[in-house]
Structures are given as C-alpha cells and as structure tokens.
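Hi,

Here is the structure I said I would pass on. Have a look at it first, and my notes follow underneath.

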Amino acid sequence: AATGGTGPYNYQWQDSPDGVTWTSIGGATALTYSPPALTSTTHYRILVTDTGIPSCGTAIPSNTVIITVRANLSASVATASQTICYNTVPAPLTATAATGGTGPYTYQWQDSPDGVTWTSIGGATALTYSPPALTATTQYHLVATDAGTPPCGTVTSNALIITVRANLLASVATASQTICYNTVPAP
C-alpha cells in the first residue's frame with residue numbers, strides 16, 4: 001500500500017509493451033492484479049493517487065515489473081512417410097529441432113499401430129531414429145519437451161506412416177498328375 005500524503009488512495013495498474021508507452025488497465029484498481037494469458041513480453045506498474053483533503057496528488061509510478069514471454073514452443077517436423085516391403089528395414093526417420101520456449105529440449109520417438117495409441121521407443125531420444133524391419137504398417141512421431149526454466153510444455157511432430165506391403169507369397173500350382181505316355185495333361 002502507498003504511504004504518506006493524506007489518504008485514502010486510489011490505485012491504477014498500467015501495462016506497456018515496451019516500458020515507454022503506458023495504458024491503464026480497465027478495472028485493475030486493487031493492490032493485486034492478475035494478468036491474462038500473455039503472448040508477448042509485457043511491462044506492468046501501478047499508479048497511486050491521494051484522494052484525501054488536501055489531495056497530495058499522484059505519486060511517481062511504482063517500479064516496473066516485466067513479464068518476459070518466451071516464443072511459442074513449436075513442434076519438430078518429421079520427414080517423410082515411406083512404403084516398404086514386408087519385413088524390410090525402412091530408411092531412418094529424421095526431424096527438425098523444436099523451437100521457442102526456453103530450451104534446451106528433450107526428444108522421444110513414439111510408435112503406434114493405429115495413430116491413436118502411442119508407445120515411447122526405448123533409447124529413441126535423438127532427432128534421427130532408425131526403425132527395425134517392419135511386418136505391419138506403423139506410425140511414428142517425435143515428442144519434444146522444453147526442459148528449460150520455466151519449462152514451456154510438450155509438443156508433438158506430425159505423424160509419419162511407414163506403410164508395409166503384404167508379404168509376397170508364392171503362387172500355388174494345382175495339381176500334380178499322372179498320365180499315360182504321349183498323352184496331353186490337363187491344364
């Protein structure tokens with residue numbers, strides 16, 4: 001609370017994008033102010049006006065409090081989906097680094113048979129992952145977690161689909177025959 005002057009006091013919070021141009025915040029007239037969700041760095045201060053008789057005016061603004069907003073955490077981009085033959089090793093999967101947030105980031109590749117249920121792959125914590133030979137279509141994505149201070153969350157890359165063609169099976173010819181000498185067999 002303010003001190004000095006005559007009292008009582010009126011309070012008014014102000015915000016600024018740069019600490020130079022200030023705007024009074026509607027309804028923010030208490031000693032406590034709860035800012036909304038922010039998408040850019042914002043400066044705050046409070047002005048105090050003495051409303052007593054005699055009024056001793058408006059005090060010098062308080063110190064400035066700066067809420068630094070980190071850039072939006074953006075997901076990695078994984079490239080590219082593939083089509084492979086049954087029980088074949090696909091080409092390695094690669095992804096770009098996550099951006100925004102605070103950093104550094106941790107990474108975890110996950111796989112899924114259906115794009116709904118995802119399972120973390122043990123040891124797959126780099127931007128590149130080499131899947132084993134596959135016998136069924138499998139989806140992959142990379143989960144990036146901001147490990148900085150403050151941590152700005154977790155984001156997931158696009159899904160890559162490794163389409164596995166059905167196993168190539170030999171034809172079945174039917175049936176063996178026994179024929180007489182110089183006789184035409186059945187087709």
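**Strand pairings and overall form**

Let me start with one residue pair: threonine 94 sits across from threonine 128 of β11. Before going further, please keep in mind that this is a predicted model.

That threonine pair belongs to the contact between β8, which covers residues 93-95, and β11; the two strands are antiparallel and share 2 bridges. Zooming out, you'll find an open sheet of 3 strands, ordered β6-β8-β11 and paired antiparallel. Its edges are β6 (78-79) and β11 (128-129), each of which pairs on one side only.

Next, have a look at β9. Strand β9 (residues 105-112) runs antiparallel to β12 (residues 138-146), and 8 bridges connect them. If you want a landmark there, tyrosine 107 is opposite alanine 144 of β12. β9 also pairs with β10 (residues 119-120), again antiparallel, through 2 bridges. Here aspartate 111 has threonine 119 in β10 as its bridge partner. The β9 and β10 hairpin has 6 residues between its strands, and glycine 115 in that hairpin adopts a positive phi near 80 degrees.

Now for the chain as a whole. How many helices and strands does it have? The count is 0 helices and 14 strands, so from the N terminus on the element string reads β-β-β-β-β-β-β-β-β-β-β-β-β-β. The protein chain is more spread out than a compact globule, because its radius of gyration is 33 Å, well over the 16 Å that the globule rule gives for 187 residues. Along the principal axes, the C-alpha trace spans about 135 × 25 × 25 Å.

As for burial, 28% of the 187 residues count as buried. The chain exposes about 11600 Å², with carbon and sulfur atoms supplying 58% of that area. Among contacts with a separation of 6 or more, 57% are between residues 24 or more positions apart.

Last, the cysteines. How many disulfides does the structure hold? There are 0. Are cysteine 85 and cysteine 180 buried or exposed? Cysteine 85 counts as exposed because its relative accessibility is 52%, and the cut-off for exposed is over 50%. Cysteine 180 is exposed too, with a relative accessible area of 59%.

Cheers

Definitions and conventions. Residues are numbered from 1 along each chain as its sequence is written. This is a predicted model: local features need pLDDT of at least 70, side-chain atom pairs count only at pLDDT 80 or more; totals for chains, interfaces and linings use all residues. Side-chain values use heavy atoms; hydrogens and water are left out. Two strands pair if DSSP finds at least two bridges between them. Helices (H or I, at least four residues) and strands (E, at least two) are DSSP runs, numbered from the N terminus. A disulfide is a pair of cysteine sulfur atoms within 2.5 Å. Buried means under 20% relative accessible area, exposed over 50%, partly exposed in between (1.4 Å probe, protein chains only). The radius of gyration is taken over C-alpha atoms; the globule rule is 2.2 Å times the number of residues to the power 0.38. Contact means heavy atoms within 4.5 Å. Accessible areas come from the Shrake-Rupley method with a 1.4 Å probe; for residues, only the protein chains shown count as cover.
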